[in-house]
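Q: I would like to learn how to read a few features of this model, beginning with burial along a helix. Could we take them one at a time?

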Amino acid sequence: MKRISGALAVASAAALVLSACGGETAEPEDTGTDTTTTEDAADATDEAPAGDDAAETTEAAPGDEAAGTDGPLLESDGTSIVIWSDDLRAAALEEHAQAFQDENGVEVKIQVVANERLREQFNDSVGAGAGPDIVVGAHDWLGELVQNDVAAPIQLSSDAQALFTPESIEATQYEGQIYGVPYAVESLALIRNTDLAPEAPATMEELVETGSALVDAGEVEQIMMQEVGNEGNAYNMYPYLAAYGGGIFPVLDEGGFDGSQVILDSEETLQGAEKIAWLAEEGALTTSMDGSNVIPQFAEGNTAFMISGPWAIEQVTEAGINYAIDPIPDFEDGGSTSPFLGVQMFYVSAGSKNPQIAQTFVQEFVTLPEVQIALYEAGDRPPALIEAYETVSADNEDIEAWGAAAEGGTPMPNIPQMNAVWGPLGKATADIITGSDVAERMATAQSEVEGALGR
């Protein structure tokens with residue numbers, strides 16, 4: 001079974017300025033988009049899902065030094081374009097952006113800003129009239145950035161939009177307007193130890209049956225591993241909550257979500273929540289599994305099945321586990337598991353002092369196949385650009401498998417109302433797993449979210 005070799009070597013966490021490139025390189029651990037970690041933990045009212053590049057809520061004044069940078073933050077100055085990014089994407093951009101600089105005669109400066117503070121620093125800095133021209137981040141920041149007037153609209157022709165997967169373009173839109181250029185898509189999937197489970201389970205019931213038999217035989221310790229934790233994890237539990245047409249907010253016909261309604265206590269969502277309770281009763285879900293132990297336990301061979309994202313693969317391959325990636329199985333009664341999709345993209349600052357060049361960079365440079373492939377190589381996320389995806393998946397069956405796992409998924413809501421959801425819904429799923437009544441606990445979560453939204 002083919003395995004991914006891991007992330008490429010990337011630049012150190014110092015500021016990267018193309019006009020003075022040549023610094024040392026290092027190979028940091030890529031712990032997940034994203035994700036959705038949990039990669040970065042947020043507070044109870046703005047909890048970040050596992051695998052997502054989330055931001056903490058620590059106060060920081062514009063111009064302060066940022067963790068992961070070398071010196072003060074670089075700011076838009078009208079003579080160059082300044083890009084803020086995490087370390088992996090910064091290194092990939094440095095490799096190719098020299099060509100843009102040469103062609104356009106404009107210096108490109110790329111600065112690493114610590115993932116956990118990137119969104120906050122961008123919000124605060126641009127809001128104060130400073131900040132970069134471009135920032136690289138997750139699509140679920142979008143509603144907040146637009147609400148705060150710090151992200152500029154981006155004009156992509158219909159021909160340009162057709163170059164990307166439909167889901168990735170949908171994720172860049174807020175109230176019908178595009179605000180970003182996507183470069184990667186990720187989702188949860190079933191990662192299977194093929195030595196322990198040679199065949200993919202056709203249903204969740206079959207997965208539980210196979211995992212239980214392996215536990216009874218003493219070959220593994222757990223039926224399945226998936227991140228939950230004592231506070232729960234709404235991102236990881238969403239595939240079940242949405243399996244029968246439920247979820248968090250209603251989906252609009254034109255795409256996106258209706259943030260004026262909350263559907264946590266709907267019949268459809270409750271049906272999915274009952275499946276979470278069933279999986280817990282069977283021993284497949286437990287709050288003892290969290291971001292610190294799920295991937296290491298799988299890498300040690302303590303289970304045949306793990307539901308996680310691309311950020312897990314590096315540890316799995318380093319452990320020498322033979323694995324396969326499959327879509328999360330559906331339920332026998334017709335429930336169709338539907339994971340959240342996370343989309344990574346480039347935003348243009350509403351306060352850019354060189355907006356025309358910044359727009360040119362994201363519209364004409366980020367859309368190049370070679371740039372999208374370089375970004376893929378830095379993080380092992382399937383490219384959003386169809387041509388780039390087809391190129392890398394032709395030689396990498398894992399990327400093809402991640403693409404299949406994402407089919408039918410829903411872009412994570414990018415509306416500001418989601419900030420009120422993560423904590424209450426996550427805790428509700430944890431309580432259901434530990435035995436709380438499903439209907440009562442989801443009704444409480446519904447009230448908590450509505451209260452946080454002022455309803």
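A: Let us begin with the term itself: a residue counts as buried when its relative accessible area is under 20%. In this predicted model, the buried residues of helix H8 are Thr-269, Leu-270, Gly-272, Ala-273, Lys-275, Ile-276, Ala-277, Leu-279 and Ala-280.

Q: Which helices do the buried residues of H8 pack against?
A: They pack against helix H6 (204-216), helix H7 (234-241), helix H15 (422-433) and helix H16 (438-452).

Q: How many residues does H8 have, and what span does it reach from its first C-alpha to its last?
A: Helix H8, covering residues 267-281, has 15 residues and reaches 21 Å, close to the 21 Å expected at 1.5 Å a residue. Just after H8, Gly-283 takes a positive phi of about 90 degrees.

Q: In what order do the four strands form their open sheet?
A: The order is S11-S12-S10-S13, and the pairing is mixed; strand S11 (225-226) and strand S13 (323-326) are the edge strands, each pairing on one side only. S11 and strand S12 (residues 305-308) run parallel and are joined by two bridges, and the bridge partner of Gln-226 in S12 is Ile-307.

Q: Why does Thr-337 count as buried or exposed?
A: Burial is assigned under 20% relative accessible area, and Thr-337 is therefore buried, because its value is 9%. Thr-337 sits in the loop between S13 and strand S14 (340-348), where a polar atom of its side chain lies 3.3 Å from the backbone oxygen of Pro-329. Leaving aside residues up to four places away in sequence, Thr-337 touches Pro-239, Tyr-240, Ala-243, Ile-328, Pro-329, Asp-330 and Phe-331.

Technical notes
Residues are numbered from 1 along each chain as its sequence is written. This is a predicted model: local features need pLDDT of at least 70, side-chain atom pairs count only at pLDDT 80 or more; totals for chains, interfaces and linings use all residues. Side-chain values use heavy atoms; hydrogens and water are left out. Two strands pair if DSSP finds at least two bridges between them. Buried means under 20% relative accessible area, exposed over 50%, partly exposed in between (1.4 Å probe, protein chains only). A polar contact is a pair of N or O atoms within 3.5 Å; within protein, one must be able to donate a hydrogen and the other to accept it, and residues adjacent in sequence count only if both atoms are side-chain atoms. Contact means heavy atoms within 4.5 Å. The expected span of a helix is 1.5 Å times one less than its number of residues.
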